[in-house]
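Visitor: Could you take me on a close look at a single part of this protein? I am new to this, so please explain the terms as we go.

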Amino acid sequence: MFIQTETTPNEDSLKFIPGVPVTKGSTYEFLDLRSALKSPLATRLLNIEGIVGVFYGPDFVTCTKDDSFQWNILKPEVFAILMEHFSSGAQLFREEHAEGEGAEDTRVLDSDSDVVAMIKELLETRVRPAIQEDGGDIEYRGFDEEKGTVFLKLMGSCRGCSSSEVTLKNGIERMLMHYVPEVQAVEQFVTEEEKIAQDEFAKLEARLEKQAKEKEAQAAEAA
């Protein structure tokens, strides 16, 4: 077995292609060991020091590292774990967590309006394939009919990527607005946990900046 790698727009994410199917068409993301409990492979990968995210695509695995680590150090261990898993024919998920067939978020439901059905179809046929080429995926999380806002969750290499906002606004938003007049905007869906984490990170940055300025002022006074 030969596992190929491809870079992604996110320099901290690397796409590993084993040459065999990974999932049955669905995508899955694991950002901590708790969420990875249902998948032995994700658990092993997240136990590598420096790996902070694992994403399964139909025919690839994207690993995301902490920016303080280098890929030339991490890749050999990732390769070894992936090679062992796919060569052995082991199951991707534990028996009690069997995966479904295809993406559920863009499946058109009888209860969907014509607008929502069109949005889902465009996301599934036009957007998702391009995003997956870059080692990530998008997840449809709703449509606010009053404001005309589509909410999407970015996953895999797209999460935390500096160009993710450009992808949302210049790519996905522009296309959806062109084909679906009811769409006025596309925004990234953020969970409550992610909002709290972002707020805490912003507070930490503010404290560090304040401390740096205080040290500069003290140094200036001492001089």
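Guide: Happy to help; we will look at the open sheet and the helix that lies across it.

First, some ground rules. This is a predicted model, where local features need pLDDT of at least 70 and side-chain atom pairs count only at pLDDT 80 or more, while totals for chains, interfaces and linings use all residues. Residues are numbered from 1 along each chain as its sequence is written, and side-chain values use heavy atoms, with hydrogens and water left out.

Let's set the scene with the whole chain. The protein chain has five helices and eight strands; these are DSSP runs numbered from the N terminus, with helices being H or I of at least four residues and strands being E of at least two. Along the sequence, their pattern reads β-β-β-α-β-β-α-α-β-β-α-β-α.

Now to our part. Five of the strands make an open sheet, in the order β1-β2-β5-β4-β3, with antiparallel pairing. Here, two strands pair if DSSP finds at least two bridges between them. In general, strands of a sheet pair through backbone hydrogen bonds, either parallel or antiparallel. The edges of this sheet are β1 (4-7) and β3 (28-30), each of which pairs on one side only. From one strand to the next, the twist averages 20°.

Start at the β1 edge and step inward. A hairpin of five residues leads from β1 to β2, and the two strands run antiparallel, joined by four bridges. You can find one pairing by locating T5, whose bridge partner in β2 is F16.

Next, move from β2 to the neighbour on its other side. Strand β2 (residues 13-17) pairs with strand β5 (residues 61-65), again in the antiparallel sense and over four bridges. Here L14 is a handy landmark: its bridge partner in β5 is C63.

Finally, look for the helix. Helix α2 (residues 71-88) lies across β1, β2, β4 (51-56) and β5, and runs at about 30° to β2. Contact between parts means heavy atoms within 4.5 Å. For angles, axes are lines fitted to C-alpha atoms, for helices over the stretch in contact, and the values run from 0 to 180 degrees between N-to-C directions.

So the picture to keep is an antiparallel sheet in the order β1-β2-β5-β4-β3, with α2 lying across four of its strands, β1, β2, β4 and β5.
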